[in-house]
Amino acid sequence: MSDELGIRRGQALRAAVEQGLASEAEPVVGLLDVTGIEESATALHAAFTTPGMAITHTFAVKAASLVPVLALLGECGLGAEVASPGELALARAAGIPADRTVLDSPAKTVAELRTALGLGIAVNVDNPEELARIDALRSTVPGGGSPVGLRVNPQVGGGSIGAMSTATATSKFGVALRDPGAEEWVLRTYAERPWLNRLHTHTGSQGVPLELMAEGVRAAYDLAERINQAAGRQQVTVLDIGGGLPVNFDSDEITPAFADYAALLRTRVPGLFDGRYGLVTEFGRSLLAKNGSVLARVEYAKSAGGRPIAVTHAGAQVATRTVFVPDAWPIRVLALDGKGQEKSGPPVVQDVAGPCCFAGDLVAKGCRLPLLAAGDHVALLDTGAYYFSNHFAYNSLPRPAVHGYRVREDGGVSFSPVRAAQSEAEVVAESGGGLPPLRRAQ
Ligand SMILES: *Cc1c(COP(=O)(O)O)cnc(C)c1O
């Protein structure tokens, strides 16, 4: 499958250049492999599906906050994990039903909670203060509204990227389970609220080893068992195990696969799959990353201090984490010629720079690629997750267009719009363009 992914990507990059998607007016675009996304969803379903078990796979909207993508995933049977009013609005615009939507933000306002309960969207409560708000709101919502769970932090430790590790001792997320008195509080909390029927954990994202993720799920499962034992019934009926499957950014190989994680969970937490619990997952990066590329024109090729530098249109505005935290978020860069064909030629150590006006705006530093020249293109690989949804408006650079692609039977490539590029008028408008000027004191 991964070979085909690379072949389709090569065809799409060529076709995008040929068809003028990366133009002088729009020198950087995002591309998404629609077939690849479908295959990722299929692989996810196949990995977890278990006879007699109710499973809801939600997609973490922050990883690709694009309505047509959410709609495609919806058609593939997925739901949405949302963490803000904006993300909820996107999921609803994509037609994701309420019973496949989960709200997870750590800072939910009363209004957000009221909306979620009113819509019947599942809520994972982050902390005791939020739970008190739910207590108060439930009585005002006809039928009590939504499935509600508690997010717990199993404190199993972090992975290789601190900012992505949500299960450290002092993580800001959820109820810290190993803190003194925490488990007693959780047991009491469930005992007092028979309607509290879910339990949620999300151990982290990129950089967290599978074993540690499984340990986090194991801790949540064990807790659910203790809650249920104390209740003398199956009070917790659904376990939400979060997302976080890491992605391989070094090659086209899809590893670890959903099947690897599901197999590990089946050995580490067998009771999770015996049919007593429903399961919710919230994968983001692993569904989309390998299905996306950024295509950008090389505007100039220059040299400084003996180092060749390709100045392209893809920098911190699209590859924000890669530029600011390059050691944690390295990506592969392909050198393409003026026709979008992969360049040949001896590898030359060079920097690939973006358009932003700060010196660190490099998507690759000292990488070995065929020497890039003005009029060439670069492709930033495995950028389908988080790169199109976390635009950084440095230098008022516009959000680039995103196109979905399919390779047809005849080898041609069809593109469909996923998001239009932000226009200059939109940039001006969102920068206060329509508002009266601030006036100097008279
Ligand atoms: C970000 C996030 C996810 C998705 O993480 P990925 O690493 O993209 O799979 C899932 N659940 C929660 C609560 C998150 O914050």
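## Overall fold

The secondary structure of this chain consists of 12 helices and 18 strands. The model is a predicted one. Of the 442 residues, 54% are classed as buried. Among contacts in the chain with a separation of 6 or more, 69% are between residues 24 or more positions apart.

Along its principal axes, the C-alpha atoms occupy a box of roughly 70 × 70 × 45 Å. The radius of gyration is 23 Å, which agrees with the value near 22 Å for a compact globule of 442 residues.

## Packing of H2 against H9

Helix H2 spans residues 34–48, and its axis comes within 8 Å of that of H9, with a crossing angle of roughly 15°. Because angles under 35 degrees count as roughly parallel, H2 is roughly parallel to H9. The crossing of H2 past H9 is right-handed.

On the H2 side, the residues that meet H9 are Ser-40, Ala-43, Leu-44, Ala-47 and Phe-48. Their partners in H9 are Phe-258, Ala-259, Tyr-261, Ala-262, Leu-265 and Arg-266. By class, this contact has 9 nonpolar residues, 1 polar and 1 charged.

## Packing of H7 against H8

Helix H7 (residues 182–192) packs on helix H8 (residues 210–231) at an angle of about 50°, and their axes are 10 Å apart. H7 is therefore oblique to H8. As H7 passes H8, the crossing is right-handed.

Glu-183, Val-186, Leu-187 and Tyr-190 are the H7 residues in this contact, and they meet Leu-223, Arg-226 and Ile-227 of H8. The contact of H7 with H8 divides into 5 nonpolar and 2 charged residues, with no polar ones.

## Backbone exceptions in loops

Most residues other than glycine have a negative phi, and most peptide bonds are trans. Three places in this chain are set out here against that background.

The peptide bond joining Thr-255 and Pro-256 is cis, with omega about -5°. Pro-256 belongs to the loop between strand S9 (238–240) and helix H9 (258–268). H9 is the helix that H2 packs against, with axes coming within 8 Å.

Gln-155 is not a glycine, yet its phi is positive, at about 50°. The residue sits in the loop that runs between strand S6 (148–153) and strand S7 (175–176). With a relative accessible area of 10%, Gln-155 is buried.

Tyr-386, also a residue other than glycine, has a positive phi near 75°. Its loop lies between strand S16 (377–381) and strand S17 (401–407). Tyr-386 is buried, with a relative accessible area of 11%.

## Surroundings of Gly-204

Gly-204 is located in the loop between strand S8 (196–200) and H8. Its relative accessible area is 0%, so Gly-204 counts as buried. H8, at the far end of this loop, is also the helix on which H7 packs.

Apart from neighbours within four places in sequence, Gly-204 is in contact with Met-164, Thr-166, Gly-243 and Gly-244. Thr-35 is 169 residues away from Gly-204 along the chain, and the C-alpha atoms of the two are separated by 27 Å. Thr-35 falls within the range of H2, residues 34–48.

Terms used. Residues are numbered from 1 along each chain as its sequence is written. This is a predicted model: local features need pLDDT of at least 70, side-chain atom pairs count only at pLDDT 80 or more; totals for chains, interfaces and linings use all residues. Side-chain values use heavy atoms; hydrogens and water are left out. Axes are lines fitted to C-alpha atoms, for helices over the stretch in contact, and angles run from 0 to 180 degrees between N-to-C directions. Helices (H or I, at least four residues) and strands (E, at least two) are DSSP runs, numbered from the N terminus. Angles under 35 degrees count as roughly parallel, over 145 as roughly antiparallel, 65 to 115 as roughly perpendicular and the rest as oblique. A crossing is left-handed if the near helix is turned anticlockwise from the far one by less than a right angle, and right-handed if clockwise. Contact means heavy atoms within 4.5 Å. Ala, Val, Leu, Ile, Met, Phe, Trp, Tyr, Cys and Pro count as nonpolar, Asp, Glu, Lys and Arg as charged, and the others, Gly among them, as polar. The radius of gyration is taken over C-alpha atoms; the globule rule is 2.2 Å times the number of residues to the power 0.38. Buried means under 20% relative accessible area, exposed over 50%, partly exposed in between (1.4 Å probe, protein chains only).
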